[in-house]
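Work through the exercises below with the model open. Each task is followed by a stepwise solution.

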Amino acid sequence: MSTFVEGMKSICVSEGIIHHRDTGVYNLLASSLSGTHIRGDAYIMYGLRGRMLYNQLRPEFVKNYKVPLSSDACSGFGQRNHSTHNEEILQATISLKTRHIPKFAQELENVYIDSVGTLINKLHNYGINIRYLGLLRGMVKNQRLKSFILLEMVTRCLKNFIKRKIRAIQSTQR
């Protein structure tokens with residue numbers, strides 16, 4: 001168990017990460033999800049069951065991380081040393097967000113980005129998922145780069161919105 005949100009303890013489970021204060025009355029829902037006793041208010045960071053299957057760390061990051069990470073962590077698959085493996089994944093995620101992405105943001109300030117493809121390739125080569133574009137944008141100081149990242153974020157949101165609308169229209173026409 002570790003602290004990911006200040007003042008709260010965190011447990012990695014297959015449904016995501018449960019944050020809780022561990023004070024107050026017994027929390028039946030959080031306890032049943034985590035398989036351990038949790039007291040007081042709790043919330044699940046990732047939300048949906050099975051989401052860990054596509055919310056994974058990039059292989060470039062995992063390959064260069066200081067300790068080997070279990071692919072069964074934060075899932076129902078790994079039973080042996082699961083708490084240790086879950087903690088390692090949690091620490092890797094914290095490291096990614098608090099050390100790795102800020103370092104990349106600083107390095108990005110000194111590089112000319114001429115296309116979306118260049119930005120995405122650099123992001124992936126550094127081991128950072130596209131879903132962290134918003135976090136990256138908040139750390140970048142260069143206004144041109146901020147605008148470029150925002151444009152990419154909006155474009156991706158619109159693309160997904162249009163795909164959903166097309167699927168909805170196609171499913172009603174069947």
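**Exercise 1. Find the nonpolar surface patch and place one of its members.**

Step 1. Leu150, Val154, Leu158, Phe161, Ile162 and Ile166 make up a nonpolar patch on the surface. Together they have about 520 Å² of accessible area. Patch members have over 30% relative accessible area and no salt bridge; nonpolar side chains (Val, Leu, Ile, Met, Phe, Trp, Tyr) are joined within 5 Å, like charges within 9 Å. Areas come from the Shrake-Rupley method with a 1.4 Å probe, and for residues only the protein chains shown count as cover.

Step 2. Valine 154 sits in helix α6. Its relative accessibility is 40%, so valine 154 counts as partly exposed. The classes are buried (under 20% relative accessible area), exposed (over 50%) and partly exposed in between, with a 1.4 Å probe and protein chains only.

A note on the input: this is a predicted model, where local features need pLDDT of at least 70, side-chain atom pairs count only at pLDDT 80 or more, and totals for chains, interfaces and linings use all residues. Residues are numbered from 1 along each chain as its sequence is written, and side-chain values use heavy atoms, leaving out hydrogens and water.

**Exercise 2. Locate the positive patch.**

Step 1. Lys159, Lys163, Arg164, Lys165 and Arg167 gather in a surface patch of positive charge. Lys and Arg count as positive, Asp and Glu as negative; His and the chain ends are not counted. A charge is placed at NZ of Lys, CZ of Arg, CG of Asp or CD of Glu.

Step 2. Arginine 164 lies in helix α6 (residues 143-172). Helices (H or I, at least four residues) and strands (E, at least two) are DSSP runs, numbered from the N terminus. At 52% relative accessible area, arginine 164 is exposed.

**Exercise 3. Analyse the salt bridges.**

Step 1. The structure holds two. A salt bridge puts a side-chain nitrogen of Lys or Arg within 4 Å of a carboxyl oxygen of Asp or Glu.

Step 2. Glutamate 152 pairs with arginine 156 at 2.5 Å, N to O. They are four residues apart in helix α6, so about one helical turn separates them. Glutamate 152 is buried at 7%; arginine 156 is partly exposed at 26%.

Step 3. Arginine 58 pairs with glutamate 60 at 3.1 Å, N to O. Arginine 58 is buried at 19%, while glutamate 60 is partly exposed at 24%.

**Exercise 4. Place threonine 93.**

Step 1. Threonine 93 belongs to helix α3. Its relative accessibility is 5%, so threonine 93 is buried.

Step 2. Its C-alpha atom is 9.7 Å from that of glutamine 56, 37 residues apart along the chain.
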